[in-house]
Amino acid sequence: KARLEVDVPRRPGLDMFWVTDFPLFDPDPDRRDGLQAVHHPFTQAHPDDQAAVAAYSFERDGLTDAILAVRGLHYDLVCN
């Protein structure tokens, strides 16, 4: 699940926050590898999660909680 970071200075009537720690993959049973990129296919895995990606094999492991927990290095800034 994505995480919210409220570390942007607040202004009256304007709330801004970062959304971080998006998952890198979603399950997709129609694909050969069982995975679909959540953001776009060129997003890098979070450095702490790169070993899980390197060790993953769909044929050997199937869909695992470990591969679905991999975070991507992408974020959004929300202004509300």
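Q: Accessible areas come from the Shrake-Rupley method with a 1.4 Å probe; what does the accessible surface of this protein come to?
A: In this predicted model, the accessible surface is about 5,900 Å², and carbon and sulfur atoms hold 53% of that surface. Buried residues make up 26% of the 80 residues.

Q: What makes up the fold, and in which order do the elements run?
A: There are 3 helices and 5 strands. Starting at the N terminus, the order is β-β-β-β-α-α-α-β.

Q: Why is isoleucine 67 called buried?
A: A residue is buried under 20% relative accessible area. Isoleucine 67, in helix α3, has 2%, so it counts as buried.

Q: What does isoleucine 67 touch, leaving aside its neighbours within four places in sequence?
A: Isoleucine 67 is in contact with Phe25, Leu35, Ala52, Val53 and Tyr56. Leu35 is 32 residues away along the chain, and the C-alpha atoms of the two are separated by 9.2 Å.

Q: What makes a group of residues here a nonpolar core?
A: The members must be buried nonpolar residues joined through side-chain atoms within 4.5 Å. The largest such core has 7 residues: Leu24, Phe25, Leu35, Ala45, Tyr56, Ile67 and Val70. Beyond four places in sequence, Val70 touches several residues, among them Leu24, Phe25 and Ala45. As a general rule, nonpolar side chains in soluble globular proteins tend to be buried together.

Q: Why do tryptophan 18 and tyrosine 75 count as an aromatic pair, and of which kind?
A: Ring centres must lie within 6.5 Å, and planes over 60 degrees apart count as edge-to-face. Here the centres are 5.2 Å apart and the planes meet at 75°, so this is an edge-to-face pair. The pair links distant parts of the chain: tryptophan 18 is in strand β2 and tyrosine 75 is in the loop between α3 and β5, 57 residues apart.

Q: Are these two rings' residues buried or exposed?
A: Exposed means over 50%, and partly exposed is the range between buried and exposed. Tyrosine 75 has 53%, so it is exposed. Tryptophan 18 has 27%, so it is partly exposed.

Q: How do you know that aspartate 21 and arginine 71 form a salt bridge?
A: The nitrogen must be within 4 Å of the carboxyl oxygen. The N to O distance is 3.9 Å, so the pair qualifies. The partners lie 50 residues apart, with aspartate 21 in the loop between β2 and β3 and arginine 71 in the loop between α3 and β5. Aspartate 21 is buried at 17%, whereas arginine 71 is partly exposed at 22%.

Q: What is notable about the phi of aspartate 21?
A: Its phi is near 60°, a positive value in a residue other than glycine. Most residues other than glycine have a negative phi.

Q: What joins arginine 71 to other acidic residues?
A: Aspartate 48 also forms a salt bridge with arginine 71, at 3.9 Å between the closest N and O atoms. Shared partners join Asp21, Asp48, Asp49 and Arg71 into one network. Aspartate 48 has 62% relative accessible area, so it counts as exposed.

Q: How many salt bridges does the structure hold?
A: The structure holds 6, including one between aspartate 33 and arginine 31 at 3.4 Å.

Q: Why is histidine 46 called buried?
A: Its relative accessible area is 16%, under the 20% limit, so it is buried. Histidine 46 sits in the loop between β4 and α1 and, beyond four places in sequence, touches Arg71, Gly72 and Leu73.

Methods:
Residues are numbered from 1 along each chain as its sequence is written. This is a predicted model: local features need pLDDT of at least 70, side-chain atom pairs count only at pLDDT 80 or more; totals for chains, interfaces and linings use all residues. Side-chain values use heavy atoms; hydrogens and water are left out. Helices (H or I, at least four residues) and strands (E, at least two) are DSSP runs, numbered from the N terminus. Buried means under 20% relative accessible area, exposed over 50%, partly exposed in between (1.4 Å probe, protein chains only). Accessible areas come from the Shrake-Rupley method with a 1.4 Å probe; for residues, only the protein chains shown count as cover. Contact means heavy atoms within 4.5 Å. Rings of Phe, Tyr and Trp (its six-membered ring) pair if their centres lie within 6.5 Å; planes under 30 degrees apart count as stacked, over 60 as edge-to-face and the rest as tilted. A salt bridge is a side-chain nitrogen of Lys or Arg within 4 Å of a carboxyl oxygen of Asp or Glu.
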